[in-house]
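Reader: I am in my first year and would like a close look at one part of this protein. Please take one helix and explain what surrounds it.

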Amino acid sequence: LSSFIVQASFSWQLEIDPGLKIYGNKEKLTSVFQNLIENSIKYGAENIIITIQARSAGDKLLIGIQDNGPGVDNAHLPFIFNKFYRASSGNAEVKGFGLGLYYVARIILAHGGHIEAINKNGLGFFIQLPVKD
């Protein structure tokens, strides 16, 4: 997280269960978290706060990345993981091709997991990954 501070001013809160481990492709999962955090920074308001939570629940690992930004119009939420989909933003300078969240969803799916986005005092991404036996 500290590497992002060079790019923008934001703060974060971590709520991660001690001893928690993720089993998967380190490079791909790192790109998932980088993409979600970068989106929070790009589309968030000033003084963005990003909360990252992770805990195990039975046979699932639950990860939440939540920001306090403006969120996404609810009409766009069902489509944001679609290839080339770009929700309109009040910030016309934000560049992209609509591939980031598509790849995020594909990587999570390849790990046997699920991801969803919900507006709740900002935009939250909630990931479920299977726990390794």
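Author: From the N terminus on, the elements of the protein chain follow the order β-α-β-β-α-β-β, which gives two helices and five strands. The model is a predicted one. Of the 133 residues in the protein chain, 35% count as buried. Among contacts between residues at least 6 apart in sequence, 60% join residues at least 24 apart.

The part to look at is helix 2, which spans residues 100-110. Its buried residues are L101, Y102, V104, A105, I107 and I108. What covers them includes helix 1 (26-43), strand 4 (114-119) and strand 5 (123-130).

Take helix 1 to begin with. The axes of helix 1 and helix 2 come within 9 Å and cross at roughly 145°, and the crossing is left-handed. On the side of helix 1, the contact is made by K28, L29, S31, V32, N35, L36 and N39. Helix 2 contributes G100, L101, V104, I107 and I108. Sorted by class, the contact has seven nonpolar, four polar and one charged residues. Of the helix 2 residues in this contact, L101, V104, I107 and I108 are also buried.

Next comes strand 4. I115 touches three residues of helix 2, namely V104, A105 and I108. Leaving out residues up to four places away in sequence, I115 also touches L36, F81, F125, F126 and I127. L36 is in turn one of the helix 1 residues that meet helix 2.

I115 also belongs to a wider group. The largest nonpolar core has 28 residues, and those with the most contacts inside it are L36, I50, I80, F81, I115, F125 and I127. Helix 2 supplies at least two residues of this core, as do helix 1, strand 2 (48-57), strand 3, strand 4 and strand 5. In soluble globular proteins, nonpolar side chains tend to be buried together.

Two of the core residues just named, F81 and F125, also form an aromatic pair. Their rings are edge-to-face, 6.1 Å centre to centre, with 75° between the planes. F81 lies in the loop between strand 3 (60-67) and helix 2, and F125 lies in strand 5, so the pair ties together parts that are 44 residues apart in sequence. F81 and F125 are both buried.

The count of aromatic pairs comes to three. Another of them joins F79 and Y85, whose rings are tilted, 5.7 Å centre to centre and 40° between the planes. F79 counts as partly exposed at 37% relative accessibility, and Y85 is partly exposed as well, with a relative accessible area of 25%.

That leaves the end of the helix. Just after helix 2, G112 takes a positive phi of about 80°. G112 is touched by P130, a residue of strand 5. Not counting residues up to four places away in sequence, P130 touches D59, H111 and G113 too. The relative accessible area of P130 is 40%, so P130 is partly exposed, since buried means under 20% and exposed over 50%. P130 and G58 are 72 residues apart in sequence, yet 9.3 Å apart in space, C-alpha to C-alpha.

How values were computed:
Residues are numbered from 1 along each chain as its sequence is written. This is a predicted model: local features need pLDDT of at least 70, side-chain atom pairs count only at pLDDT 80 or more; totals for chains, interfaces and linings use all residues. Side-chain values use heavy atoms; hydrogens and water are left out. Buried means under 20% relative accessible area, exposed over 50%, partly exposed in between (1.4 Å probe, protein chains only). Helices (H or I, at least four residues) and strands (E, at least two) are DSSP runs, numbered from the N terminus. Contact means heavy atoms within 4.5 Å. Axes are lines fitted to C-alpha atoms, for helices over the stretch in contact, and angles run from 0 to 180 degrees between N-to-C directions. A crossing is left-handed if the near helix is turned anticlockwise from the far one by less than a right angle, and right-handed if clockwise. Ala, Val, Leu, Ile, Met, Phe, Trp, Tyr, Cys and Pro count as nonpolar, Asp, Glu, Lys and Arg as charged, and the others, Gly among them, as polar. Rings of Phe, Tyr and Trp (its six-membered ring) pair if their centres lie within 6.5 Å; planes under 30 degrees apart count as stacked, over 60 as edge-to-face and the rest as tilted. A nonpolar core is a set of buried Ala, Val, Leu, Ile, Met, Phe, Trp, Tyr and Cys residues joined through side-chain atoms within 4.5 Å.
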